[in-house]
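Welcome, and thanks for opening the viewer. Keep your selection tool handy, and let's walk through this model one stop at a time.

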Amino acid sequence: MGLLDEITQAQATPAKRCKTQKLIDALPKEDAADLKAALANPHLHTEAIVRVLIAHGHSVSTSQLATHRRGECCCVTNG
């Protein structure tokens, strides 16, 4: 990765990340893309997403994901 790539990536990465964004960052690329798509889909209920994530061993809450979905988390408001 070149210097410009690193700078571009740093620009795209918020300085602070909420728990949901930290989870997305830690997931394998395909799972992260699926979770981002699920969070962006208004037809999918937050509670359903939480149930699946918990079943996969992730520690998440409905309020945590809902705050991220609304764009009210620290990675959006303070990034």
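Start by selecting His-68. Setting aside neighbours within four places in sequence, His-68 is in contact with Cys-18, Thr-20, Gln-21, Ile-24, Leu-39, Cys-73 and Cys-75. Please keep in mind throughout that this is a predicted model. His-68 belongs to helix H5. Is His-68 buried or exposed? With a relative accessible area of 14%, His-68 is buried.

**The whole chain**

Now zoom out and colour by secondary structure. You should find six helices and zero strands, so the pattern along the sequence reads α-α-α-α-α-α. Of the 79 residues in the chain, 27% are buried. Switch on a surface if you like: the chain exposes about 5,600 Å², and carbon and sulfur atoms supply 55% of that area. Among contacts between residues at least 6 apart in sequence, 50% join residues at least 24 apart.

**Helix H5 and its end**

Come back to H5 and select its buried residues, which are Gln-64, Leu-65, Ala-66 and His-68. Next, pick out Leu-65 alone. Which residues does Leu-65 touch, not counting those up to four places away in sequence? They are Thr-20, Leu-39, Thr-46, Ile-49, Val-50, Leu-53 and Val-60. Then step just past the end of H5 to Gly-71, where the backbone takes a positive phi of about 75 degrees.

**Helix H4, two faces**

Select residues 46–55, which make up helix H4, and show the side chains of Thr-46, Ile-49, Val-50 and Leu-53: these are buried. Turn the view to look down the helix axis. The buried residues of H4 fall within an arc of 100 degrees, so they line one face of the helix. A reminder about helices helps here: an α-helix has 3.6 residues a turn, so residues three or four places apart point the same way.

What does the face of H4 turned away from its buried side carry? There you will find the exposed residues Arg-51 and Ala-55. To see the partners on the buried side, add helix H2 (19–26), helix H3 (29–40) and helix H5 (62–69), against which the buried residues of H4 pack. Just after H4, select Gly-57, which takes a positive phi of about 90 degrees.

**The nonpolar core**

Make a new selection for the largest nonpolar core, which has 12 residues: Leu-23, Ile-24, Leu-27, Ala-32, Leu-35, Ala-38, Leu-39, Ile-49, Val-50, Leu-53, Val-60 and Leu-65. Colour that selection by helix. H2, H3 and H4 each supply at least two residues of this core, and the largest share, four residues, comes from H3. As background, nonpolar side chains tend to be buried together in soluble globular proteins.

**The cysteines**

Show the sulfur atoms next. How many disulfides does the structure hold? The structure holds zero. Select Cys-74 and Cys-18 to see one case: the sulfur of Cys-74 is 5.6 Å from its closest cysteine sulfur, the one in Cys-18, which is too far for a bond. The cut-off used for a disulfide is 2.5 Å between the two sulfur atoms. Compare the surroundings of two cysteines here: Cys-74 is partly exposed, at a relative accessible area of 29%, while Cys-73 counts as buried at 5%.

**Salt bridges**

Display charged side chains now; the count comes to two salt bridges. For one of them, select Arg-17 and Asp-25, whose side chains meet at 2.8 Å, N to O. Arg-17 is partly exposed, with a relative accessible area of 30%, and Asp-25 is also partly exposed, at 43%.

For the other, select Arg-70 and Glu-72, whose side chains meet at 2.9 Å, N to O. Here Arg-70 is exposed, with a relative accessible area of 51%, whereas Glu-72 is partly exposed, at 47%.

**Last stop: a loop proline**

Finish in the loop between H3 and H4 by selecting Pro-42. Pro-42 is exposed, with a relative accessible area of 69%. Add Arg-69 and draw a distance between the C-alpha atoms: Pro-42 and Arg-69 lie 27 residues apart along the chain, and these atoms are separated by 9.2 Å.

Key
Residues are numbered from 1 along each chain as its sequence is written. This is a predicted model: local features need pLDDT of at least 70, side-chain atom pairs count only at pLDDT 80 or more; totals for chains, interfaces and linings use all residues. Side-chain values use heavy atoms; hydrogens and water are left out. Buried means under 20% relative accessible area, exposed over 50%, partly exposed in between (1.4 Å probe, protein chains only). The arc is that of the directions from the helix axis to the C-beta atoms. Contact means heavy atoms within 4.5 Å. A nonpolar core is a set of buried Ala, Val, Leu, Ile, Met, Phe, Trp, Tyr and Cys residues joined through side-chain atoms within 4.5 Å. A salt bridge is a side-chain nitrogen of Lys or Arg within 4 Å of a carboxyl oxygen of Asp or Glu. Accessible areas come from the Shrake-Rupley method with a 1.4 Å probe; for residues, only the protein chains shown count as cover.
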